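Good morning, colleagues. Please take a moment with the sequence and the coordinates before I begin.

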Amino acid sequence: MTDLARSREFYVDLLGLQVTYEEPGALYLRAMEERGHHCVALVQADRAEVGVLGYKLFDEPDLDKAAAWFAEEGLPVEWVERPFMGRVLRTHDPWGVPIEFYVRMDRLEPIHQKYGLYRGVRALRIDHFNLYSPHVDEQVAFYNRMGFRTTEYTEDSETGKCWAVWMHRKGGVHDVAFTNGIGPRLHHSAFWTANALNIIDLLDVMSTTGWLNAIERGPGRHGISNAFFLYVRDPDLNRIEIYCSDYQTVDPDHEPIRWDLKDPQRQTLWGAPAPKSWFEEGSLFAGASLNQPALKAQPIIAP
Ligand SMILES: [Fe+2]
């Protein structure tokens with residue numbers, strides 16, 4: 001974050017995340033349903049970039065299995081120290097996306113029924129990451145081997161290649177998604193809220209308190225995922241989605257849903273296409289070099 005005080009206004013006042021630890025140059029935040037110490041760590045820096053994406057594993061032996069698995073894949077594995085966390089395994093995927101896995105994080109008291117603490121869009125939990133990928137099919141195959149399952153995908157009918165894919169572990173539509181584009185870059189991080197009215201309230205507040213230009217796309221209903229959504233940009237232009245009412249995918253026999261890239265209801269069920277910025281702009285990952293996408297198919301873009 002290049003201006004941590006301004007980022008604090010965005011993440012704490014607008015999104016309603018709770019500050020769990022603050023020191024000069026760093027801010028740790030959790031959403032209202034979360035018991036782990038933090039879901040986001042914001043760090044003051046000269047350059048805006050994403051340091052790492054973190055995933056929680058089920059139990060301690062899984063960390064060692066993950067270390068062995070990534071080493072067999074020929075990827076670097078390293079044990080790193082992180083505040084408020086137990087053992088942390090750091091690696092990156094073959095496209096250079098920095099990833100850390102952990103099991104233990106300091107536990108905090110439940111606050112989901114402390115209604116006096118709710119602010120802004122009342123974010124309940126972090127939901128998913130969406131990444132630009134220069135090689136969607138290959139990256140999806142890698143994450144599938146890692147254990148993620150596909151729920152929905154967009155196909156370019158001319159080449160038969162996937163243009164975007166949504167994958168999950170936790171039983172929602174996705175924990176991670178990949179979208180064709182210059183990458184690797186982070187397209188957005190999403191926070192879950194209880195209902196669409198929270199999103200409408202956020203729009204009213206942002207549009208009358210100096211944040212109008214930070215509203216990028218929506219509100220709307222996605223075709224893919226069936227979720228109600230809004231996309232906003234933080235002060236460093238990192239894209240944040242506010243997301244609610246997707247569906248449950250715990251049934252292991254769920255068949256992935258196919259969408260055609262040219263289907264106008266794919267992005268937004270009501271038909272409105274996303275703006276050009278939504279397909280082109282994203283956040284850089286620390287240490288990753290960028291590649292052009294092999295697939296040249298074009299989505300429908302708003303005029
Ligand atoms: Fe999303």
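How many ångströms should helix α2 span, and how far apart are its end C-alpha atoms? This is a predicted model, and the helix in question covers residues 60–72. At 1.5 Å a residue, its 13 residues should span 18 Å. The end C-alpha atoms are 19 Å apart, which agrees with that expectation. After α2 comes Gly74, and the phi of Gly74 is positive, near 80°.

The same kind of check can be applied to the whole chain. For 303 residues, a compact globule would have a radius of gyration near 19 Å. The chain has 19 Å, so the expectation and the model agree. Along the principal axes, the C-alpha atoms fill a box of roughly 50 × 50 × 40 Å. Within the chain there are five helices and 17 strands.

Let me now turn to the N-terminal part. There we find an open sheet of three strands, in the order β1-β2-β3, with antiparallel pairing. Its edge strands are β1, residues 18–23, and β3, residues 40–43, each of which pairs on one side only. From one strand to the next, the twist averages 20°.

Which strand is joined to β1, and by how many bridges? The partner is β2, residues 26–30, and five bridges connect the two strands, which run antiparallel. Within this pairing, Tyr21 stands opposite Tyr28 in β2.

Helix α1, residues 4–14, lies across β1, β2 and β3. Relative to β3, the helix runs at about 155°.

I come next to the domains. The domain assignment divides the chain into domain 1, residues 4–102, and domain 2, residues 119–284. Their centres, taken over C-alpha atoms, are separated by 20 Å. How many residues of each domain are in contact with the other? From domain 1 there are 22 residues, in contact with 25 residues of domain 2.

Which element gives the most to the side of domain 1 that touches domain 2? The answer is α1, with five residues. By residue class, that side of domain 1 divides into 13 nonpolar, three polar and six charged residues.

To conclude, α1 appears in two parts of this account: the helix lies across the three strands β1, β2 and β3, and it also gives the most to the side of domain 1 that touches domain 2. Thank you for your attention.

Definitions and conventions:
Residues are numbered from 1 along each chain as its sequence is written. This is a predicted model: local features need pLDDT of at least 70, side-chain atom pairs count only at pLDDT 80 or more; totals for chains, interfaces and linings use all residues. Two strands pair if DSSP finds at least two bridges between them. Helices (H or I, at least four residues) and strands (E, at least two) are DSSP runs, numbered from the N terminus. Axes are lines fitted to C-alpha atoms, for helices over the stretch in contact, and angles run from 0 to 180 degrees between N-to-C directions. Two residues are in contact if their C-beta atoms, placed from the backbone, lie within 7 Å. The expected span of a helix is 1.5 Å times one less than its number of residues. Domain bounds come from an automatic or database domain assignment. Ala, Val, Leu, Ile, Met, Phe, Trp, Tyr, Cys and Pro count as nonpolar, Asp, Glu, Lys and Arg as charged, and the others, Gly among them, as polar. The radius of gyration is taken over C-alpha atoms; the globule rule is 2.2 Å times the number of residues to the power 0.38.
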